Amino acid sequence: MRTVIGIDIGGSTTKIVGLRSNGAEQTLIEPIFVRATDAITSVYGAFGKFTMQNGLALEDIDRVLMTGVGSAFIDKPLYSLKCEKVSEFTSVGNGGLYLSGLDEAIVVSMGTGTALVPAKNDGSLKYLGGTGVGGGTLLGLSKKMLGTANVDNIVELASTGDISKVDLRVSDISRKDIHPDLAPDLTASNFGKLSDLATRHDISLGIVNMVTETVAMMAIFAARSFNISDIVLTGNLTSMAPVRNVFDSLKLSFGVNFIIPKLSQYGPVIGSALQ
């Protein structure tokens, strides 16, 4: 039985996963992540923690496949194991299809920034583009405007926020239906109605809403361009309840399927191991 290790070195976290193969059968070893700003430190920390938790010896590991922006810093073997680089966008596409079980989808990786990959299970995928708006945006704005960059604090604040004190809605600018597909509660302008009485809770929800809606609309445009209705969401932001709520609210308005599969935050690293 051979074991392949996948490692995704991002801007703020390093994730690691294992795939055990016995012929055509593959078994996923539960992924983990560590936080560190230094790529080399985080890789060795993640690798040591992962192998110890799962009772893996070096001789049990057949290959180590790395992806992510920080993988460029690793140019030597990892404990005598050669490290092979895998395209981040290939990892995003393959990981999204694997987790969702779909044959075709727009796969979105919501990390520090956001990447979009149209993917098919025949291996045809490409990097479509992306945006610098992502988890880094959410944390940076929260740190400046709310005095915290702690994800748990942001989620707690946003959970009781009132978006009507922050965002301008379609219903705020028109009493008539502008278009049959344009729901009155859709956002006309993020932070376009910021009240002097808005609390930290309201502003936190406004930041989450702005980042999530930006990503959602880019994914919707991509889906329409490729005539695909399924959009698979992966990356760290998908684990935040307020983010999930925004995607749920946009499903019906735009006729797409936003899918957040189990282990969605580990999509790209699982995709790297699948190579």
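In this model, D8 of strand 1 stands opposite K15 in strand 2, and this pairing is a good place to begin. The model is a predicted one, in which local features need pLDDT of at least 70 and side-chain atom pairs count only at pLDDT 80 or more, while totals for chains, interfaces and linings use all residues. Residues are numbered from 1 along each chain as its sequence is written, and side-chain values use heavy atoms, with hydrogens and water left out. Helices (H or I, at least four residues) and strands (E, at least two) are DSSP runs, numbered from the N terminus.

**Strands 1, 2, 4 and 5**

- Strand 1, made of residues 2-9, is mostly covered, since seven of its eight residues are buried (buried means under 20% relative accessible area, exposed over 50%, and partly exposed in between, with a 1.4 Å probe and protein chains only).
- Strand 1 and strand 2 (residues 13-22) run antiparallel and are joined by eight bridges, where two strands pair if DSSP finds at least two bridges between them.
- The connection from strand 1 to strand 2 is a hairpin that passes through three residues.
- Strand 1 also pairs with strand 4 (residues 61-67), this time in the parallel sense and over six bridges.
- Two of the facing positions in that pairing are I7, which stands opposite M66 in strand 4, and V4, which stands opposite R63 in strand 4.
- Strand 4 is largely enclosed by the rest of the structure, because five of its seven residues are buried.
- Strand 4 runs parallel to strand 5 as well, with three bridges joining them, and here L65 stands opposite E84 in strand 5.

**Helix 3 and its two sides**

- Helix 3 (residues 135-146) has 12 residues and reaches 15 Å from its first C-alpha to its last, which is close to the 16 Å expected at 1.5 Å a residue; the expected span is 1.5 Å times one less than the number of residues.
- The residues G135, L138, S142 and L146 are buried in helix 3.
- These buried residues cover an arc of only 60 degrees around the axis, which puts them on the same side of helix 3; the arc is that of the directions from the helix axis to the C-beta atoms.
- As general background, an α-helix has 3.6 residues a turn, so residues three or four places apart point the same way.
- The buried residues of helix 3 pack against helix 4 (151-158) and helix 6 (200-225), where contact means heavy atoms within 4.5 Å.
- The face of helix 3 that is turned away from its buried side carries the exposed residues K143 and K144.
- Just after helix 3 comes G147, which takes a positive phi of about 80 degrees.

**Salt bridges**

- The structure holds four salt bridges, a salt bridge being a side-chain nitrogen of Lys or Arg within 4 Å of a carboxyl oxygen of Asp or Glu.
- In general, side chains of opposite charge can pair when their charged atoms come close.
- One of the salt bridges is formed by E84 with R63, whose closest N and O atoms are 2.8 Å apart.
- This pair links distant parts of the chain, with E84 in strand 5 (residues 83-85) and R63 in strand 4, 21 residues apart.
- E84 counts as partly exposed at 28% relative accessibility, and R63 counts as partly exposed at 25%.
- Another salt bridge joins K120 to E104, with the closest N and O atoms 3.7 Å apart.
- Because K120 lies in strand 7 (residues 114-120) and E104 in strand 6 (residues 104-110), the pair ties together parts that are 16 residues apart in sequence.
- K120 is partly exposed, with a relative accessible area of 36%, and E104 counts as partly exposed at 31% relative accessibility.
- K193 forms a salt bridge with D172, and their closest N and O atoms are 3.4 Å apart.
- Here too the pair links distant parts of the chain, with K193 in the loop between strand 10 (187-189) and helix 6, and D172 in helix 5 (residues 170-173), 21 residues apart.

**A glycine in a loop**

- G255 lies in the loop between helix 7 (241-254) and strand 12 (257-259), and G255 is exposed, with a relative accessible area of 59%.
- Although G255 and S229 are 26 residues apart in sequence, they are 7.4 Å apart in space, C-alpha to C-alpha.
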